[in-house]
Amino acid sequence: LEDLFFGEEPSMATRLWTSGWDFFAPTKVLGYHLWTRKHRPVFREHASDEQRQRETRSQQQVRELLGEIETKAHGGLELGCKRSLAEYESFSGVSFSQHTLS
């Protein structure tokens, strides 16, 4: 998934969970992510047309994999075989095809 930024987390979470990995949420903060980028530019601000095209293709693959777009090919990406996408959606409260959270 070249140059994928937004979409990486749901793609990995879904593939890992359907492969049998369990998720746990700690009760205490173990670390944090500095989201603001005011102190430095990010790679996306300097993206070329080719980079944007690669990102768009990667985002398309994730949408196909997660059932947002009907297709039989996911660009080489596959879900695991231990649990289904429907089971992940029930577990997580996310409906990728309906774009809803419960």
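## Exercises on a predicted model

D3 lies in the segment before helix 1. The model that contains this residue is a predicted one, and the exercises below begin with its backbone and then move on to its packing.

### Exercise 1: Two residues with positive phi

Determine for D3 and H99 what phi is, and decide whether each residue is buried, partly exposed or exposed.

*Solution.* Begin with D3, whose phi is positive, at about 55 degrees, although D3 is not a glycine. The relative accessible area of D3 is 25%, and because buried means under 20% and exposed means over 50%, D3 counts as partly exposed.

Now turn to H99, which is found in the loop between strand 1 (94-95) and strand 2 (100-101). Its phi is near 60 degrees, again a positive value in a residue other than glycine. With a relative accessible area of 60%, H99 is over the 50% cut-off and is therefore exposed.

As a third case, take G20, which comes just after helix 1 and has a positive phi of about 110 degrees.

### Exercise 2: The overall plan

State how many helices and strands the protein has, and in which pattern they follow one another along the sequence.

*Solution.* The secondary structure consists of three helices and two strands, and, read along the sequence, these elements give the pattern α-α-α-β-β. For the extent of the protein, consider the box filled by its C-alpha atoms, which comes to roughly 40 × 40 × 25 Å along the principal axes. Of the 102 residues, 26% are buried. Among the contacts with a separation of 6 or more, 64% join residues that are 24 or more positions apart.

A careful reader also asks about confidence: the mean pLDDT of the protein is 87, and 93% of the residues reach 70 or more. Where pLDDT is low, the predicted coordinates should not be read in detail.

### Exercise 3: How helix 1 meets helix 3

Describe the angle between helix 1 and helix 3, decide whether they are roughly parallel or roughly perpendicular, and list the residues that make the contact.

*Solution.* The first step is the geometry: helix 1 and helix 3 pack at an angle of about 115 degrees, and their axes are 10 Å apart. The second step is the class, and because angles of 65 to 115 degrees count as roughly perpendicular, helix 1 and helix 3 are placed in that class. The crossing of helix 1 and helix 3 is, in addition, right-handed. The third step is the contact itself, to which helix 1 contributes A13, T14, W17 and T18, while helix 3 contributes L85, E87, Y88 and F91.

### Exercise 4: What surrounds the buried side of helix 1

Find which residues of helix 1 are buried and what covers them, and then follow A13 and T14 to their contacts.

*Solution.* In helix 1 (residues 8-18), the buried residues are S11, A13, T14, W17 and T18, and what covers them includes helix 2 and helix 3. T14 has a relative accessibility of 0%, so T14 counts as buried. If neighbours within four places in sequence are left aside, T14 is in contact with L66, L79, L85, Y88 and F96. On the same terms, A13 touches F23 and Y88.

Next, look for the largest nonpolar core, which has ten residues: L4, A13, W17, V62, L65, L66, L77, L85, Y88 and F96. Helix 1, helix 2 and helix 3 are the elements that give two or more residues to this core.

### Exercise 5: Comparing K82 and S58

Work out for K82 and S58 where each residue lies, whether it is buried or exposed, and what it touches.

*Solution.* K82 belongs to the loop between helix 2 and helix 3, and because its relative accessibility is 61%, K82 counts as exposed. Not counting residues up to four places away in sequence, K82 touches T18, S19 and G20. K82 and L16 are 66 residues apart in sequence, and their C-alpha atoms are 9.8 Å apart in space.

S58, in turn, lies in helix 2, and its relative accessibility of 2% means that S58 counts as buried. Its contacts, with residues up to four places away in sequence not counted, are with L1, E2 and L4. Finally, S58 and K82 are separated by 24 residues in sequence and by 24 Å in space, C-alpha to C-alpha.

Key: Residues numbered from 1 in each chain as written. Predicted model: local features only at pLDDT ≥ 70, side-chain atom pairs only at ≥ 80, totals over all residues. Heavy atoms only, no water. pLDDT = per-residue confidence, 0-100. Helix = DSSP H or I, 4+ residues; strand = E, 2+ residues; numbered from the N terminus. Buried < 20%, exposed > 50% of the residue type's maximum accessible area, 1.4 Å probe, protein only. Contact = heavy atoms within 4.5 Å. Core = buried A, V, L, I, M, F, W, Y, C linked by side-chain atoms within 4.5 Å. Axes fitted to C-alpha atoms, helices over the stretch in contact; angles between N-to-C directions. Parallel < 35°, antiparallel > 145°, perpendicular 65-115°, else oblique. Left-handed = near helix turned anticlockwise from the far one by under 90°.
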